[in-house]
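Please open the model in your viewer and keep the sequence beside it, so that each selection can be followed in both.

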Amino acid sequence: MLQKTREKRGVPPIAVIGAGIAGAWQALLFAKAGHAVTLHERGDDAMAHATSHWAGGMLAPWCESEVSEPLVSRLGLRSLALWHEHAPDTSFNGSLVVAHPRDRSDFERFARMTSGHRHLQRDDVSKLEPSLDGRFREALFFPDEGHVEPRRVLPELHARIRAAGGRIEFGSAPKPADIEGLAIDCRGLAARDTFPDLRGVKGEEIIVETDEIMLSRPVRLLHPRWPLYIIPREHHRFMIGATSIECEDDGVSVRSALELLSAAYAVHPAFGEARIVEIGAGLRPAFPDNLPRIAIDKNRIAVNGLYRHGFLLAPALAELTLGYVARGEIDNEVMQCK
């Protein structure tokens with residue numbers, strides 16, 4: 001009855017395929033806008049096989065600007081506002097960037113390439129993160145950045161979708177062409193039948209547990225090969241990640257594991273006594289330019305290519321999709337229309 005009432009008012013029903021972070025935000029914003037939304041997910045509600053399951057969950061547009069295109073920063077900044085609005089319990093404690101003296105040039109370059117930070121000296125670092133007392137003589141503090149725990153926030157977003165009147169069907173994997181009405185395709189790498197240029201970029205992670213260290217925010221350690229970060233989780237756990245490897249297997253190499261664990265030990269030696277809880281990897285869907293894309297083909301809309309920035313970009317991309325459906329708005333940097 002609710003669906004029929006909405007259709008009479010000119011608000012079309014929406015089918016979203018894929019309940020990871022991209023699809024969850026699409027379903028949430030459309031449901032809140034009054035659409036009858038059905039979110040389809042091929043897996044179960046544990047989402048253990050989704051790319052989002054292995055994500056870091058950092059909301060760090062200023063840090064990411066060091067290596068990302070301006071588009072990522074623009075969308076990321078908008079997403080922060082949407083996280084504040086629709087998930088007000090999101091943690092916005094900022095993020096911290098540190099480096100050892102031998103990597104001083106990398107630290108200075110990171111400072112030049114980014115904005116929105118404060119340059120902290122040793123005493124200020126210790127006040128901000130007492131566990132790092134005496135470990136680093138300086139740091140960059142990005143006070144407005146945040147982070148979420150993907151395995152906790154995805155179920156919360158799903159609950160918000162239901163609270164807004166949307167439905168979620170697990171164990172459901174329709175193709176966009178099988179949907180009557182408007183379909184939003186958020187299948188990630190499974191959408192290669194539509195986007196053959198998609199590739200998977202592997203991100204490996206390790207979760208450890210220790211009660212000897214307390215961190216209130218993600219800590220990035222600048223590294224000659226890639227930035228490595230440590231993200232606090234619940235129950236004295238920390239996620240250590242993440243690599244970016246042009247490889248589509250989901251295993252974790254010995255070299256990667258050694259580098260991730262060594263980086264954690266370099267941040268604090270107590271990580272050497274931590275218990276390893278989990279080691280795993282996810283494949284991030286990426287286009288050749290590593291930028292997100294909203295592809296529009298009549299009543300088929302595909303949102304894909306979020307690369308390393310899924311949790312950062314998903315809210316803004318959902319807002320753009322909603323703006324197109326509701327008002328015909330086009331963002332030429334992101335959208336492609338057939």
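In which loop is the place of glutamate 66? In this predicted model, glutamate 66 is found in the loop between helix 3 (61-64) and helix 4 (70-86). Select glutamate 66 and look at its surface: with a relative accessible area of 14%, the residue is buried, because buried means under 20%. Next, show what surrounds this side chain: leaving aside neighbours within four places in sequence, glutamate 66 is in contact with Arg109, Phe110, Met113 and Thr114. To one of these, arginine 109, the side chain of glutamate 66 is joined by a polar contact of 2.6 Å. Add alanine 111 to the selection, and you will find its C-alpha 8.6 Å from that of glutamate 66, although 45 residues separate the two in sequence.

Now move to histidine 309, which lies in the loop between strand 16 (300-304) and helix 9 (310-327). Histidine 309 counts as buried, at 3% relative accessibility, and, not counting residues up to four places away in sequence, it touches Glu64, Ser68 and Val72.

Finally, select strand 1 (residues 14-17), from which Ile14 and Val16 point one way while Ala15 and Ile17 point the other way, all of them buried. Strand 1 runs parallel to strand 9 (residues 182-185), joined to it by four bridges, and it also runs parallel to strand 2 (residues 37-41), again with four bridges. At isoleucine 17 you can look both ways, since aspartate 185 stands opposite this residue in strand 9, and histidine 40 is its bridge partner in strand 2. Adding helix 2 (residues 21-32) to strands 1 and 2 shows a right-handed β-α-β unit.

Definitions and conventions. Residues numbered from 1 in each chain as written. Predicted model: local features only at pLDDT ≥ 70, side-chain atom pairs only at ≥ 80, totals over all residues. Heavy atoms only, no water. Helix = DSSP H or I, 4+ residues; strand = E, 2+ residues; numbered from the N terminus. Buried < 20%, exposed > 50% of the residue type's maximum accessible area, 1.4 Å probe, protein only. Contact = heavy atoms within 4.5 Å. Polar contact = N/O pair within 3.5 Å; in protein donor to acceptor, adjacent residues only side chain to side chain. Pairing = 2+ DSSP bridges. Right-handed = clockwise from strand over helix to strand, strands pointing away.
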